[in-house]
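User: Could you take me through this model and explain how its parts fit together?

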Amino acid sequence: MQKIIMGMIVVTLSACASTQKSDAPRVELVTVTDDPFLTDKDTKYGEMFRVLILDKSYIVRQLNGETEIQKKKDDAGDQEQFTRFQDLAARYDFKDWEFSGMLTVRIHPHRGEIERIEYVPGQNPKTWQASKLFQEDVSRFAFTFPRGMITTREFRVRYKWRIKRRPGLTEEDARKRAVEFLKAEKQEY
């Protein structure tokens with residue numbers, strides 16, 4: 001009897017697993033890409049990390065400081081956050097957009113956890129939705145310290161999020177979607 005019940009549980013679990021969305025986009029965990037945002041080594045703004053969000057990829061790249069601090073790998077968190085970006089992009093895809101912002105992150109000197117996150121003055125994204133998503137994304141980052149001590153207390157993270165206009169969308173349909181989007185945003189207040 002116990003074997004039969006266990007067999008039923010296994011069959012049920014495998015059936016549930018097969019009904020999950022298989023068409024959901026997966027995060028493309030890319031370490032190197034030819035996008036100028038990631039390949040430009042100029043860190044005149046002092047950023048340590050750059051995050052690029054595209055229609056099918058979420059890429060985090062560390063530009064310097066690897067001997068002092070490193071972002072812990074978090075594929076599940078990256079996928080979850082990427083899904084949130086895609087959900088909002090589906091509402092914004094009535095035109096091409098590019099949102100960017102830069103955050104200053106302060107690390108607690110003893111625990112190594114994020115203590116404070118704030119935008120660099122004048123480096124906020126165009127919309128509050130992107131601003132909120134960037135802050136939420138960086139707040140989940142966890143770090144390791146290769147030297148065994150916390151020597152980096154503050155650094156910057158620059159974000160760039162590109163949303164492409166939905167292919168085949170007519171000007172009239174784009175205009176209607178823009179009006180619907182604005183109405184929905186007004187109701188959220």
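The questions below go from the whole chain to the sheet, the helices and the core.

Analyst: This is a predicted model, in which local features need pLDDT of at least 70 and side-chain atom pairs count only at pLDDT 80 or more, while totals for chains, interfaces and linings use all residues. Residues are numbered from 1 along each chain as its sequence is written, and side-chain values use heavy atoms, with hydrogens and water left out.

User: In what order do the elements of the protein chain run from the N terminus on?

Analyst: Helices (H or I, at least four residues) and strands (E, at least two) are DSSP runs, numbered from the N terminus. The protein chain has 5 helices and 7 strands, and their order is α-α-β-β-β-α-β-β-α-β-β-α.

User: Which strands stand at the edges of the open sheet?

Analyst: Two strands count as paired if DSSP finds at least two bridges between them, and 5 strands form an open sheet of mixed pairing in the order 2-1-7-4-5. Because each edge strand has a single partner, one side of it is left without a neighbour in the sheet; these are strand 2 (58-62) and strand 5 (114-119).

User: What angle does the direction of helix 4 make with that of strand 5?

Analyst: Strand 4 (residues 97-107) pairs with strand 5 in the antiparallel sense over 5 bridges. Helix 4 (residues 128-139) packs on the sheet, where it touches strand 1, strand 2, strand 4, strand 5 and strand 7. With axes as lines fitted to C-alpha atoms, for helices over the stretch in contact, and angles running from 0 to 180 degrees between N-to-C directions, the value is about 155°.

User: Is Gln81 buried or exposed?

Analyst: Gln81 lies in helix 3 (residues 75-92) and, leaving aside residues up to four places away in sequence, touches Leu133, Glu136, Asp137 and Arg140, a contact being heavy atoms within 4.5 Å. Buried means under 20% relative accessible area, exposed over 50%, and partly exposed in between (1.4 Å probe, protein chains only). Since its relative accessible area is 6%, Gln81 is buried.

User: Which residues have the most contacts inside the largest nonpolar core?

Analyst: A nonpolar core is a set of buried Ala, Val, Leu, Ile, Met, Phe, Trp, Tyr and Cys residues joined through side-chain atoms within 4.5 Å. One of the residues asked for, Tyr159, touches partners including Phe37, Val51 and Phe99. The largest core has 34 residues, and those with the most contacts inside it are Ile53, Phe134, Phe155, Tyr159 and Trp161.
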